[in-house]
Amino acid sequence: MSWEDGVRRVVPYVPGEQPKQAGIIKLNTNENPYPPAPGVKRALDELRYEEMRLYPDPDSGELVKALAEYYGLSEKQVFVGVGSDDVLAMAFLTFFNTGKPILFPDITYSFYDVWADLFRIPYERIRLDDVFRIHAEDYAGRENGGIVIANPNAPTGVALPLSEVEKIVSANRDVVVIVDEAYVDFGAESALPLLKKYENLLVVQTFSKSRAMAGMRIGFAFGNEKLIGYLLDCRFSFNSYPMNRPALAAGAAALKDDAYFREICDKIIETRERVKQELGALGFTFADSRTNFIFAAHESVPAKEIFEMLKERGIYVRYFEKPRIDNYLRITVGTDEEMDEMLKVLREYLGKM
Ligand SMILES: *Cc1c(COP(=O)(O)O)cnc(C)c1O
């Protein structure tokens with residue numbers, strides 16, 4: 001007998017690199033290239049440092065209220081966490097306890113199987129079709145302990161229409177269906193309107209991408225009051241003060257500047273559409289991304305080679321050495337200048353072949 005026999009062993013999730021060198025073009029973790037809303041700076045400037053000795057509001061009231069108002073829900077329908085990763089982990093812990101396998105796509109956010117393993121939840125991966133689409137029928141009539149889908153999906157960027165999401169939720173009313181909408185603000189349909197009709201739905205979003213606040217760690221979820229109540233019971237059995245004072249103030253401030261939010265989302269969508277054209281001309285193919293990244297494969301040069309070539313030149317994109325996607329690069333949409341620099345390097349390199 002060794003102390004190691006009592007260890008909960010897990011294979012952890014590996015986040016994208018955060019290089020320390022200056023001058024890097026960082027297109028590898030889907031961060032927003034623009035700063036947070038100006039009101040966020042003011043809110044942080046107004047924080048009183050002497051208040052940091054006090055615990056924050058355990059109910060995160062300021063942020064919950066701002067979210068409820070912005071999205072037209074009751075405060076009891078809102079849950080917040082330390083990034084949506086924290087929200088999703090809490091949701092797995094709270095809702096996936098039947099012992100039956102939960103379902104998610106074979107290609108999706110690679111944290112889902114990590115949480116499932118961490119919490120000892122069995123799971124089954126459902127194959128996306130050859131152009132990376134989810135088919136709602138695949139999630140009907142299949143015994144399961146819950147479902148999680150990212151919509152739009154990551155790292156493919158492909159969005160599922162609301163009518164298809166509804167089919168999945170309605171065919172699985174006896175389990176909780178989690179829809180992870182980390183990228184929804186970049187042009188997909190949110191499942192939020194379905195909350196009125198379905199008790200078994202949890203919609204999860206984040207401030208990390210569309211609100212340019214990955215460094216603040218703010219995620220949130222919406223569901224019916226009973227479902228959110230169960231999530232809060234687990235949350236308060238784990239950590240009473242997940243959200244710190246700066247995050248509460250900054251998050252609430254971000255929601256007040258809607259014009260800025262829309263402006264940066266529109267700008268990223270515009271850049272994305274232009275870069276799609278240019279990548280197409282260079283021999284890349286990709287599904288129709290509704291996110292702030294493009295998941296692209298080149299017609300003749302292996303993704304790994306392009307990934308390494310770009311990295312050598314200080315341009316970081318994401319490459320996954322995994323079945324079915326090991327010839328794809330996930331390229332975050334940065335500023336126009338960053339994308340032009342990347343396109344220039346690609347043009348020179350591919351032109352030489
Ligand atoms: C980025 C991302 C998240 C987590 O983001 P947080 O920074 O923890 O809010 C969750 N799901 C998907 C699909 C993501 O891409």
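## A walk from the ligand outward

Start by selecting Lys-209 together with the ligand: an N or O atom in the Lys-209 side chain sits 3.0 Å from a ligand oxygen. That pair is a polar contact (N or O atoms within 3.5 Å; inside the protein, one atom must be able to donate a hydrogen and the other to accept it, and sequence neighbours count only if both atoms are side-chain atoms). Now hide the protein and bring it back: the ligand alone exposes 390 Å², and the protein buries 92% of that (Shrake-Rupley areas, 1.4 Å probe).

Before moving on, know that this is a predicted model, where local features need pLDDT of at least 70, side-chain atom pairs need pLDDT 80 or more, and totals for chains, interfaces and linings use all residues. Numbering starts from 1 along each chain as its sequence is written, and side-chain values use heavy atoms, with hydrogens and water left out.

Next, show the backbone of Ser-84 and Asp-85. A polar backbone atom of Ser-84 is 2.6 Å from a ligand oxygen, and a backbone N or O atom of Asp-85 is 3.0 Å from a ligand oxygen.

Widen the selection to the whole shell (residues with a heavy atom within 4 Å of the ligand). You should get 13 residues, with Ser-84, Tyr-183, Thr-206, Ser-208 and Lys-209 the closest. Colour them by class and you'll see five nonpolar, four polar and four charged (Asp, Glu, Lys and Arg are charged; Ala, Val, Leu, Ile, Met, Phe, Trp, Tyr, Cys and Pro are nonpolar; the others, Gly among them, are polar). Helix H3, residues 83-95, gives the largest share, four residues; helices (at least four residues) and strands (at least two) are DSSP runs numbered from the N terminus.

Leave the ligand and pick out an open four-strand sheet, ordered E9-E10-E13-E12 with antiparallel pairing. Its edge strands, E9 (284-286) and E12 (318-319), each pair on one side only; pairing takes at least two DSSP bridges. Zoom in on E9 and E10 (residues 293-298): three bridges join these antiparallel strands. Thr-285 stands opposite Ala-297 in E10.

Last stop: the loops. Which bond joins Asn-151 and Pro-152? A cis peptide bond, with omega about -5°. Another cis bond links Ala-154 and Pro-155, omega about 5°. Pro-152 is in the loop between strand E5 (147-150) and helix H5 (162-170), and Pro-155 is also placed between E5 and H5. Finally, click Arg-120, in the loop between helix H4 (112-118) and strand E4 (123-126): its phi is near 60°, positive in a non-glycine residue.
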